[in-house]
Amino acid sequence: MKMETEADIRLAGVGKTFGSGANAVRAIGDATLDMQRGDFISLLGPSGCGKTTLLRIIAGLERPTEGEILVRGRAVWEDGRRSSEATRPVSMMFQEARLFPWFTVAENVALPLRLQGVAKAEREARAHALCETVGLKGFEAMRPSALSGGMRQRASLARALITKPQVLLLDEPFGALDAMTRDTLNMELMSVCAEARVTTILVTHSITEAAFLSDRVVVLAARPARITEVIEMPFERPRTLDLQRTTAFQDMLVRLRSSLTGGH
Ligand SMILES: Nc1ncnc2c1ncn2[C@@H]1O[C@H](COP(=O)(O)OP(=O)(O)OP(=O)(O)O)[C@@H](O)[C@H]1O
């Protein structure tokens, strides 16, 4: 069912309890949030507070026990069933690259198109073009085992983008990489998302990363995840790494840290 709504993503009173009775784990309390097309938000919160669960619910990988999620006006879950129509424009990327070792880089990147039944020539052309966009030109024919961790995440990002998603969900995608590689990939991510006006939600443990990339940072309290504050990042775009050295940015980090620790 298509409902009229302004928001690109709408969370309305979303809650999730795993298990029942004495073994019940309340992972998410009552999450309500609207995102417009092209918004970039980060979810920041203590470890185990339910960030990944919230992302999985939006992607349709996990069923909420309460509330509703709309993507572009369509309910992700209806009568307990996932709507593949609602999740079609959604792509998700994980901390580990999850590439298939027996496929080449280009084959891995093209895989979602193969699953959609796109013809080989078009798959290859699009995979090669995207490999170039994410800095993997010349590596298309290699196996993932021949790539560095950063390059594997580039391939993983290309695979997430190949279906031209309108919504991108990122679960600490560069968390395992060194700081320099992470900065580079974050810059590229920001420009790709801005260019295609992709609505993006990033789960991160890094306050700096959240402040640098986002339009708004959603601060979550410890389990069950509850949104305690939504803070605007009023920095002009396009942003460069120099922004991180400014007083305004440093002040924002202090503000975010204080919000994360509940003002203590
Ligand atoms: N399938 C499941 N069954 C039972 N409990 C679960 C399940 N998945 C997650 N949980 C619990 O829900 C809570 C939230 O987990 P989640 O992975 O969403 O947190 P997180 O904020 O992403 O953690 P981190 O920052 O450490 O990655 C945790 O207590 C976790 O143990």
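A residue is counted as near the ligand if its C-beta atom, placed from the backbone, lies within 6 Å of it. In this predicted model, 13 residues surround the ligand, and the closest are F18, A27, K51, T52 and T53. Two elements, strand 2 (25–35) and helix 1 (51–59), each supply at least two residues of this shell, and helix 1 makes the largest contribution, with three residues. In character, the shell around the ligand divides into seven polar, four nonpolar and two charged residues.

A second region to follow is helix 6, which runs over residues 179–196. Because its 18 residues should span 26 Å at 1.5 Å a residue, the 26 Å that separates its end C-alpha atoms agrees with the expected value. Within helix 6, the residues N186, L189 and C193 are buried. These three cover an arc of only 65° around the axis, which means that they lie on the same side of helix 6. The face turned away from that buried side carries M180 and E195, both of them exposed.

What do the buried residues of helix 6 pack against? Their partners are three strands and two helices, namely strand 3 (40–44), strand 9 (167–171) and strand 10 (199–204), together with helix 5 (149–161) and helix 7 (207–213). Past the end of the helix, the chain continues with R197, a residue that follows helix 6 and whose phi is positive, near 50°.

Terms used: Residues numbered from 1 in each chain as written. Predicted model: local features only at pLDDT ≥ 70, side-chain atom pairs only at ≥ 80, totals over all residues. Helix = DSSP H or I, 4+ residues; strand = E, 2+ residues; numbered from the N terminus. Expected span 1.5 Å × (residues − 1). Buried ≥ 20, exposed ≤ 12 C-beta atoms within 10 Å, placed from the backbone. Arc of directions from axis to C-beta. Contact = placed C-beta atoms within 7 Å. Nonpolar A, V, L, I, M, F, W, Y, C, P; charged D, E, K, R; others polar.
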